[in-house]
Amino acid sequence: MMTQHRATQASEPGDIDDSAKESANFDSRATGRLAALNINHSRAAETVTDHKKFNRRLVIGYLALSVAWILLSDAAVEAWIATAEMRAQVQTIKGIVFVSLSTGFLFFLLTRHFARIRQVERQIQDRDSHIGRIIDTMANGVALIDLDGTIVDVNPILAEILGKRRGDLIGRPLSPVHNAQGEGASTSLILEYAREHGQWSGELESVQTDRRSIPVHLTLAPLYDDNQYLTGYVGVYLDLREIQAARAHVDGLGSVIEQLATETDLELVGEMAVSAAVELTGGDLGGVILLDDDRGHLHHRWQSGFSDDVDTVDHSRSGDESDTALVARVLEDGTPRFLNDADAISRRLSSYGDQGIHNLAAVPIDVRGITRGALIVGINDSAQTLDEDQLPLLQAVARQLGVAIHRHELLKDARRSEARFRNVVNTVPDILFSASLPEFETRFISPSVERILGAPREEFLANPQLWRELIHDDDLAELWPSLLPGDESTSSTSGIAAESDDSGRYNVEYRIWNYDRTRYFWFEDRGKIDCDEEGNPAAITSVVSDITARKKAEDRLAFLAFHDRLTGLPNRLGLLQELDHWCTGDSQDYGMLLYCDLDRFHLVNDIHGHDSGNNLLIETARRIETILPDDGTLGRIGADEFVAFIPLSVDELTSLEDDDTAPKHLLKKQARNFSLRILAAFRRPFTIRDQPSYLSTTIGIGLLSEEIDDGQTLLKNAHRALAHAKTLGPANFAFYAGELADEQQRRLSLQSRLHHALEHDEFSLHYQPIIDLSTGQIVGAEALLRWTTGDGEAISPAEFIPVAEDSGLIIPIGDWVLHQACRDLSNWLDDGLELAVSLNLSPLQFFHVDIVEQARAAARDAGISPSQVELELTESAMLVDPDETTQILGRLQDAGFSIAIDDFGTGYSSLERLKQLPVEKLKIDRSFVCDLPGTSRDASIVRSVVTLAKNFDMISLAEGIETREQWHALREMGCPYGQGYLFSRPIPEADFRKLCSTAPNWLVSEATTSS
């Protein structure tokens, strides 16, 4: 046996005695089932080793003791016993004693040693018995095989699997192993393979006693003791019959599930699912009942094994509960149902009962978490039942069918969405575009690209670089290189990368050529940059809109922002840009600005219409442009105002021949020459409505020199010069001079100070008496406005009244004068002075406010009668709009106010117009009075005016009487009233009141002269 073989290998002759050998060679049945393999040989080997050690020590000790005893005892005998006879006796006794002691000592040692051996053997037997019981309880078969391949023990499960008795297997060699295909291997090869590789395993066919083949799986593993000695092998047998059956079942179900999962045709999936459910469960027929959400009905969708069609609706959730209990409950709570009552099946589901079904199973079909129907399988055989074991199979099929229905619905939704998307893509006017990066290859482009660029969509897909090739070169360098790796020509902060936000969205504009490259379009690209996992740009998806029309409009607006719409010339902003360029540049040191204003251009629009006026402006621009040099600039900055700028370099100035070589002198000379040429160009007639018409212009000249560093100053200087030139008359020109600037600066200052004066009551009224020339008595007064500033400066009305007129401040000032004069008159009346007050109306006040209501309010607030207030209007003001003037004066007269014409004789009034005006007084201008009585012509004019007033039932009043001779002459001519320095200068109100309360000095002087 194997144990003896291993022991022989481990022992040498003479190592142990016979008793030790008997102890080491223990019986396998006595020491346990594992002892058959000498699995505990390590423990036995330890025991043998102990025997050897013990024997060596014992022999050596015995030898040492014997030698010591002999030597010591012989020496003692020789020393202590003198006689030979005595020594012989002692030697005999000494030998008996030595043998007795050594025998007793050896017996004690051997007894103790074998007791230890028996204790170890009992421990080994107990452990082997425990391990053996474990092997007997294992679910798989186990066989113990010795080194020769002989089976030394098996557990009961293996005997059951192989269909043999345990005793028939023990002692038999392990047969050659054959797999299911009949291929075999010898036992020695298998054992060698297991010893070298640590394990051998494989499936094989084992033949039972009844000659039936049993599929088993055998695993062989070598067994080693603690000292790594090979002691045998253990074989584990696994019965594969149930596993193969389950595997076949699972493979069949997996195949069905795979087919259901991969098939896209829902009708085919439904038929396959029903057939699979019937086949896997061994049923006779099956079907799928689905809920029609549109009608709320249950109907068969698919069936298998029915003898008749059951496509008609035969189940209603709203019908009799007895007819729909099974399916309705499955739909309501989503719980599988089993029905094993043939009568109940026939009663509740007639379509199945009619087929002879005795056993029925219904499993819910869920679609997106909602029970939409049931998978039903039926069996005709009453001996066979459908139970919980088939439930996982049916649920797997039902689950996959629900997934297929969901997938079908998603596909329908996807197709509808795709159709809608394609409809949007095909109809949207913008281009939908997608490209990969960094190659910038087109991945998708919408059909609208053909309508816009004229390139078929297929061209962009065939040539993915076509879109990039069509981008304008100037724009491509700014947009795409920043996204391309390795391109350092563009900064990383430029292009789309710079325009995109944190989410990668961007909005850029660029140009792209059409397919024929005959014109380009402007596009607005609104898109998003998609990055890869490392954060590098990977793709672009964008919506590209054609903004060519908008760009043209923007360019047009930008042009109109700096150019005149009619002539195309630079407007004020455009001209100032050009002037700033020349004023701040280094290339030009000097220049001239000619500010041209067309004289009486408004008459052209009034008489011939605006179309003729526009044509005239275009012709004017053309004429001036022909005079200017190539580097000159002409702009239109007002309705009838043109500005020409002509730059001149130092070299050009010094090349001019003149006695005075000063740059400023030469510059003025050139400006004068250009101005004369422009004035000469206007002497030629313009053609308006096929008729020759003449138009002139007035020019103001500003000179550009080193001290001017901005265009606004140069333009302002020229405009000031224009204002001065207009005072010289039409068709003139004037240079800007410093005194003009001072005068205009003072006017501007006066305008600001007038606001302050009105707010801080710096105005006052002075009164000049109106005299009855026949008696010399004061009958009234003319109110005259005066201004004394807060620091005591008296500013002349001749200076501030025009400024007030130009700025519009004359309207609030005139209202203040009207109210103040009425208040002063009220005070005079309270003092018993029966007087009237006269005051002047500004044309601006007369025409731009409701002067009638304003005068009424002033008289009403002061508590006086309007008949005591006389309102004066100049003759020239009445001619501005005669009809409107007549209407307003009529309303003032109806309100009770007296009306007077001031400065009569200086205008162009006709007798016809004078007759129609509701005027009560004519004031003769001082220019006709100052030379009386010596000048006969002035006397005739005055006499005519006085006579005219009488004939029109008006009153005449002479202004500017300064001598008694003028007084007497006017009185003799029949002029009833007058005023002038002879009687009094305009004086403050308080002084005027004193004057009225005392005897006037002119009456005293008159009395003295008469006497």
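Over residues 482–494 the pLDDT, the predictor's confidence in each residue on a scale from 0 to 100, stays under 50. For this stretch the model has 23 contacts beyond four places in sequence, a contact being heavy atoms within 4.5 Å. Residues 311–323 also have pLDDT under 50 throughout, with 29 contacts beyond four places in sequence. Where pLDDT is low, the predicted coordinates should not be read in detail. Across the protein the average pLDDT is 78, and 80% of the residues score at least 70.

The structure is a predicted model, in which local features need pLDDT of at least 70 and side-chain atom pairs count only at pLDDT 80 or more, while totals for chains, interfaces and linings use all residues. Residues are numbered from 1 along each chain as its sequence is written, and side-chain values use heavy atoms, with hydrogens and water left out.

The protein contains 38 helices and 35 strands; these are DSSP runs numbered from the N terminus, helices being H or I of at least four residues and strands E of at least two. Of its 1011 residues, 44% count as buried, that is, under 20% relative accessible area with a 1.4 Å probe and protein chains only. The accessible surface, from the Shrake-Rupley method with a 1.4 Å probe, comes to about 52,400 Å², and carbon and sulfur atoms account for 51% of it. Among contacts between residues at least 6 apart in sequence, 59% join residues at least 24 apart.

In soluble globular proteins, nonpolar side chains tend to be buried together. A nonpolar core is here a set of buried Ala, Val, Leu, Ile, Met, Phe, Trp, Tyr and Cys residues joined through side-chain atoms within 4.5 Å. The largest such core has 80 residues, of which Leu871 and Leu892 touch the most other members. Helix H29 (residues 810–830) gives the most to this core, with 8 residues. Beyond four places in sequence, Leu892 touches Phe846, Ile851, Val852, Ala855, Leu871, Phe897 and Ile899. Apart from this core lies another, of 34 residues, including Val604, Ile624, Leu667 and Ile699.

An open sheet of 5 strands follows the order S20-S21-S19-S24-S25, with mixed pairing; two strands pair if DSSP finds at least two bridges between them. Its edge strands, S20 (633–636) and S25 (733–735), each pair on one side only. Neighbouring strands are turned by 20° against each other on average, direction ignored. Axes are lines fitted to C-alpha atoms, for helices over the stretch in contact, with angles from 0 to 180 degrees between N-to-C directions. Strand S24 (residues 697–704) pairs with S25 in the parallel sense over 3 bridges, and Ile701 stands opposite Phe735 in S25. Helix H21 (residues 572–584) packs on the sheet, touching S19 (590–598), S20, S21 (641–648) and S24, and its direction makes about 15° with that of S21. Helix H23 (residues 610–627) likewise packs on the sheet, touching S19, S20 and S21, and its direction makes about 15° with that of S21.

Strand S7 (residues 230–239) is largely enclosed by the rest of the structure, because 7 of its 10 residues are buried. Strand S1 (residues 141–145) runs antiparallel to S7 and is joined to it by 5 bridges, with Ala143 opposite Gly235 in S7. Strand S6 (residues 213–224) also runs antiparallel to S7, through 9 bridges, and His217 stands opposite Leu238. The hairpin of S6 and S7 has 5 residues between the strands, and Gln228 in this hairpin takes a positive phi near 65°.

Conventions: Buried < 20%, exposed > 50% of the residue type's maximum accessible area, 1.4 Å probe, protein only.
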